[in-house]
Amino acid sequence: MMKISSGFRSVAVAAIAAAGISFASAAHADSGTIRFAVYKAAFFVGGSGGEGTLTFHGRHYPISIGGISGGLAFGASKTYFSGTVRHIRRAHDVAGVYGAAGGGGAVGKGAQIIVMTNDKGAQLELTGRQVGLQVNADISGMSISMR
């Protein structure tokens, strides 16, 4: 009876240790919130720029937004974005060039949902509210830098 109890205890300790290791590796990546405004102007080739804030582990980090888009576009707009940035280990992981990660879609009049990732694996999940008029006002790529 003691051998079974001892064997069971060894298996239980090994299972707890394995769970601790998998929890520790999952805990390395974290998430934060992000808010920024993007100003866009276009006549065939458009440019965009803006600024905002990343909130990560209770601290606020100023960020700059940049981007360019091609195709048939005209007009000007300002879009306010807010959302979550996931899979980051430190605040500077949010910096980089982002491309569309999945299907975006409209939420309602003037609202958008966008999912983008950068080369470090950071994933942005954003909702936006647009002010102004711009045909082809989606953001298919952008860069974020720390200020």
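Helices and strands here are DSSP runs, numbered from the N terminus. With that numbering, Gly-58 can be placed in the loop between β2 and β3. The tour comes back to that loop after a look at the whole chain.

**The whole chain**

Start with the full protein chain. This is a predicted model. The mean pLDDT of the chain is 73, and 59% of its residues reach 70 or more. Select residues 11-15: the pLDDT there is below 50, and the stretch has zero contacts in the model beyond near neighbours in sequence. Residues 17-26 also have a pLDDT below 50, again with zero contacts beyond near neighbours in sequence.

Now colour by secondary structure. The chain has one helix and nine strands. Followed along the sequence, the order is α-β-β-β-β-β-β-β-β-β. Of the 147 residues, 29% count as buried. Among contacts between residues at least 6 apart in sequence, 66% join residues at least 24 apart. The accessible surface comes to about 8,700 Å², and carbon and sulfur atoms account for 63% of that.

**The nonpolar core**

In soluble globular proteins, nonpolar side chains tend to be buried together. Select the largest nonpolar core of this model, which has 21 residues. Those with the most contacts inside this core are Ile-34, Phe-36, Leu-54, Tyr-98, Leu-124, Met-142 and Ile-144. The strands β1 (30-43), β2 (45-56), β3 (59-69), β4, β7 (111-118), β8 (123-135) and β9 (141-146) each supply at least two residues of it.

Centre the view on Ile-34. Leaving out residues up to four places away in sequence, its contacts include Leu-54, Ile-63, Phe-81, Val-94, Leu-124, Leu-126 and Ile-144. Thr-53, Ser-82, Gly-83 and Thr-84 are also among the residues that Ile-34 touches.

**The loop between β2 and β3**

Select His-57 and Gly-58. His-57 is found in the loop between β2 and β3, as is Gly-58. Are these two residues buried or exposed? His-57 is exposed, with a relative accessible area of 56%, and Gly-58 is exposed at 64%. The C-alpha atoms of Gly-58 and Gly-32 are separated by 8.8 Å, with the two positions 26 residues apart along the chain.

Check the backbone angles next. Most residues other than glycine have a negative phi. His-57 has a positive phi of about 55 degrees although it is not a glycine. His-87 also has a positive phi, of about 65 degrees, and is not a glycine either. His-87 is in strand β4 and counts as partly exposed, at 44% relative accessibility.

**From His-87 to Gln-123**

Select Gln-123, found in strand β8. Gln-123 counts as buried because its relative accessibility is 18%, under the 20% cut-off. Which residues does Gln-123 contact, leaving aside its neighbours within four places in sequence? They are Thr-84, Val-85, Arg-86, His-87, Val-115, Met-116 and Thr-117.

**Salt bridges**

Side chains of opposite charge can pair when their charged atoms come close. A search of the whole structure finds three salt bridges.

- Select Glu-51 and Arg-147, whose side chains meet in a salt bridge (3.8 Å, N to O). Glu-51 lies in strand β2 and Arg-147 in the segment after β9, so the pair ties together parts that are 96 residues apart in sequence. Glu-51 is partly exposed, at 49%, and Arg-147 is exposed, at 52%.
- Select Glu-125 and Arg-86, whose side chains meet in a salt bridge (3.1 Å, N to O). Glu-125 is in strand β8 and Arg-86 in strand β4, so this pair ties together parts that are 39 residues apart in sequence. Glu-125 counts as partly exposed at 31% relative accessibility, and Arg-86 is partly exposed at 31%.
- Select Asp-93 and Arg-90, whose side chains meet in a salt bridge (3.6 Å, N to O).

**Asp-93 and Gly-96**

Stay on Asp-93, in the loop between β4 (74-88) and β5 (96-100). Asp-93 counts as buried, at 12% relative accessibility. Apart from residues up to four places away in sequence, Asp-93 touches Ile-88, Tyr-98, Asn-118, Lys-120 and Ala-122.

End at Gly-96, in strand β5. Gly-96 is buried, with a relative accessible area of 19%. Residues up to four places away aside, Gly-96 touches Asn-118, Met-142, Ser-143 and Ile-144. The C-alpha atoms of Gly-96 and Ile-65, 31 residues apart along the chain, are separated by 9.9 Å.

Notes:
Residues are numbered from 1 along each chain as its sequence is written. This is a predicted model: local features need pLDDT of at least 70, side-chain atom pairs count only at pLDDT 80 or more; totals for chains, interfaces and linings use all residues. Side-chain values use heavy atoms; hydrogens and water are left out. pLDDT is the predictor's confidence in each residue, from 0 to 100. Contact means heavy atoms within 4.5 Å. Helices (H or I, at least four residues) and strands (E, at least two) are DSSP runs, numbered from the N terminus. Buried means under 20% relative accessible area, exposed over 50%, partly exposed in between (1.4 Å probe, protein chains only). Accessible areas come from the Shrake-Rupley method with a 1.4 Å probe; for residues, only the protein chains shown count as cover. A nonpolar core is a set of buried Ala, Val, Leu, Ile, Met, Phe, Trp, Tyr and Cys residues joined through side-chain atoms within 4.5 Å. A salt bridge is a side-chain nitrogen of Lys or Arg within 4 Å of a carboxyl oxygen of Asp or Glu.
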